[in-house]
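User: I should like to understand how the strands and helices of this protein are arranged. May we go through the structure step by step?

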Amino acid sequence: MTLLSLSNIGVSFGATELFKNVTFTVAEGERWGIIGRNGAGKTSIFKLITGELAPTVGSVARKPGLRHALLDQHRAFEGATTVWEAGAAAWREVIALEKRIAEQAIELGELGERVTDAVLERFGHDQERFADLGGYIYHARVDAVLQGLGFDAEESKIRLVSSLSGGERGRVGLAAQLIAPADLLLLDEPTNHLDLDTTTWLQEWLHEANETVIVVSHDRAFMDAICTHILHVEARTSESYKGNYSQFVPQRAERRLSRERELEKQRAYVKKEEEYIRRNIAGVNSFQAKGKRKRLERLPRLAPPPGDPAAMALKLEVAERGGDQVISVKDLTVEVPGRVLVEDFTAVLRRNDFVALIGPNGAGKTSVVSTIIGDHEPASGEVQIGRSITPAWFRQDLADLPLRKSMFDAIQDQRPLWSRGAVQNCLGAFGFSGDEVFREIGTLSGGERARMALALMTLSRANLLILDEPTNHLDVENIEALEDALEEYDGSVLLVSHDRAFLREVATRVWWFDGTRVRDFDGPFVEWEADRARRGPKS
């Protein structure tokens with residue numbers, strides 16, 4: 001059954017064209033992934049689906065009565081005091097009815113033999129409606145989803161929404177979506193606040209529930225696991241593909257190659273005909289030449305395959321080789337007020353190791369990195385960074401960017417002898433061009449700030465990179481550009497990430513949280529995944 005159909009959609013704001021010729025159809029049980037560069041308009045497609053945005057041309061057809069669940073970006077959870085109430089927000093009518101039925105049951109007991117037919121009829125009607133609305137299943141659904149997303153179901157009934165961190169609010173918002181009775185789930189970057197285990201749980205939940213899903217995501221492993229179709233938004237239009245992300249990649253390449261071949265074939269044909277016309281327009285074959293000219297004028301010309309601006313051209317160089325022992329950690333204990341994060345951790349990060357530090361949300365990965373780099377004092381033990389080691393830190397919150405400075409000035413501060421052209425060329429490699437380079441960094445989007453932070457990192461020519469969630473704000477093409485750069489990098493890396501596809505590509509070793517212990521797995525992330533799958537997630 002078709003739930004949703006967008007046909008030849010175009011959206012314009014005055015002279016500015018946002019979309020043209022966007023067409024795709026979603027059937028019940030399908031799971032679509034929407035991918036494209038940051039700013040391509042992926043979230044605007046969600047607005048077209050929900051009706052918040054009206055197309056300038058084309059049509060959006062929805063199944064009558066289609067119910068959709070969309071993440072509340074503001075995460076205000078209005079009317080909810082506890083985490084459980086916030087997760088069950090879409091069931092407020094059922095919760096109110098449940099409370100009313102409980103009150104009626106007490107009233108029936110008090111009335112005894114004096115009960116009237118009207119009271120019994122009202123009680124029976126409310127019970128029937130309660131069952132029809134899913135009242136006997138919603139409790140279990142709320143508990144299961146909150147538990148799967150890392151909350152204790154019982155504790156969540158008393159835990160206040162006001163006590164949640166930003167990441168926890170994101171997970172509660174996602175829980176409310178999954179719990180809501182809906183025909184279509186619209187998920188906007190659902191894995192952003194999830195760790196490896198909760199991402200795996202979400203994949204399994206979507207499969208078992210057979211939900212119809214449209215997801216905007218840069219998480220390639222997640223899209224591989226759940227998607228049955230891909231919508232690629234590019235150059236103000238879109239194309240649909242059958243299969244998951246890994247199946248989409250060769251299909252896209254084949255389509256582009258086919259179009260390039262057809263374009264070259266047409267160009268050769270046009271050139272040949274134009275040459276014939278030029279030589280014969282005034283000769284004995286003038287009649288045939290004029291006929292060819294008319295046919296050529298009517299020939300629909302093929303357009304080059306659509307393309308967005310190129311991904312950033314990232315090159316990570318080192319100023320000096322550095323020693324073989326990059327970081328030495330001995331008997332390290334890391335604490336924050338009221339809590340021990342890590343106890344007695346001992347390990348050595350060697351030259352050319354790409355170590356992934358992984359663990360559940362809230363385990364303290366960033367605090368451990370901060371301790372290793374020297375920004376946080378250890379409770380006990382010691383960390384030594386090799387004398388010839390120069391570290392550079394990509395912070396998850398991008399807090400070290402000079403927000404009041406322009407991008408141009410920030411680069412020139414690091415390279416005062418560079419000419420204006422050299423600075424612009426540097427920024428151009430990261431997707432910033434023209435007068436855009438004079439924008440204040442504080443006005444940039446999350447993705448633009450991430451690219452700016454990477455631009456500054458390349459100038460450090462450090463032989464140790466500390467990367468804390470470097471892919472969070474990058475689109476797929478720029479994540480792949482970062483992977484390519486790291487493949488050529490002749491230094492060492494300590495990496496915090498929940499992007500499994502990224503970890504599979506770059507991590508040669510794993511430090512993983514096991515309670516307050518950090519275990520050293522001396523093998524790549526893909527082997528760690530396989531080993532953990534054999535032993536089970538709790539081992």
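User: In the sheet that contains S5 and S9, what is the order of the strands?
Analyst: In this predicted model, 6 strands build an open sheet with mixed pairing. Its edge strands are S5 (68-70) and S9 (237-242), each of which pairs on one side only. From one strand to the next, the twist averages 15°. The order is S5-S6-S7-S3-S8-S9.

User: Which residue of S7 is the bridge partner of Arg-31?
Analyst: Strand S3 covers residues 31-36 and strand S7 covers residues 213-216. The two strands pair in the parallel sense over 4 bridges. In S7, the bridge partner of Arg-31 is Val-213.

User: Helix H6 packs on this sheet; what angle does its direction make with that of S6?
Analyst: Helix H6 (residues 166-179) touches S5 and strand S6 (184-188). The direction of H6 makes with that of S6 an angle of about 165°.

User: At what angle to S9 does H9 run?
Analyst: Helix H9 comprises residues 245-280. H9 lies across S3, strand S8 (229-234) and S9. Relative to S9, H9 runs at about 120°.

User: How many residues of the contact between H9 and H10 are nonpolar?
Analyst: The axes of H9 and H10 (residues 286-298) come within 9 Å and cross at roughly 145°, and the crossing is left-handed. The contact includes Tyr-269, Val-270 and Ile-277 of H9, with Ala-289 and Leu-296 among the residues of H10. Besides 3 polar and 4 charged residues, the number of nonpolar ones is 6.

User: Which strands are the edges of the sheet that contains S12 and S17?
Analyst: This open sheet has 6 strands in the order S14-S15-S16-S12-S17-S18, and its pairing is mixed. Neighbouring strands are turned against each other by 15° on average, direction ignored. The strands that pair on one side only are S14 (391-394) and S18 (517-521).

User: Which residue of S15 stands opposite Trp-393?
Analyst: S14 and strand S15 (residues 464-468) run parallel and are joined by 4 bridges. Helix H14 (residues 446-460) lies across both strands, running at about 180° to S14. Opposite Trp-393 in S15 stands Ile-466.

User: Is strand S17 largely enclosed or largely open, and why?
Analyst: Strand S17 covers residues 509-514. A residue counts as buried if its relative accessible area is under 20%. Because 5 of the 6 residues of S17 are buried, the rest of the structure leaves this strand largely enclosed.

User: What is the bridge partner of Leu-357 in S17?
Analyst: Strands of a sheet pair through backbone hydrogen bonds, in either a parallel or an antiparallel manner. Strand S12 (residues 354-358) and S17 pair in the parallel sense, over 4 bridges. In S17, the partner of Leu-357 is Trp-511.

User: Which residue in the hairpin of S17 and S18 takes a positive phi?
Analyst: S17 and S18 pair in the antiparallel sense over 5 bridges, and Phe-513 stands opposite Val-518 in S18. The hairpin has 2 residues between the strands. The residue with a positive phi, near 70°, is Gly-515.

User: Which helix gives the largest share of the largest nonpolar core?
Analyst: That core has 53 residues, and those with the most contacts inside it are Ile-358, Ile-411, Met-452, Leu-465 and Leu-486. Among the residues that Leu-465 touches are Leu-316, Ala-392, Met-457 and Leu-486. The largest share of the core, 8 residues, comes from H14.

User: How many residues does the other core have?
Analyst: This core lies apart from the largest one. Its members include Ile-35, Ala-69, Phe-151 and Val-215. The number of residues in it is 49.

Key
Residues numbered from 1 in each chain as written. Predicted model: local features only at pLDDT ≥ 70, side-chain atom pairs only at ≥ 80, totals over all residues. Heavy atoms only, no water. Axes fitted to C-alpha atoms, helices over the stretch in contact; angles between N-to-C directions. Left-handed = near helix turned anticlockwise from the far one by under 90°. Contact = heavy atoms within 4.5 Å. Nonpolar A, V, L, I, M, F, W, Y, C, P; charged D, E, K, R; others polar. Pairing = 2+ DSSP bridges. Core = buried A, V, L, I, M, F, W, Y, C linked by side-chain atoms within 4.5 Å. Buried < 20%, exposed > 50% of the residue type's maximum accessible area, 1.4 Å probe, protein only. Lists of a residue's contacts leave out its neighbours within four places in sequence.
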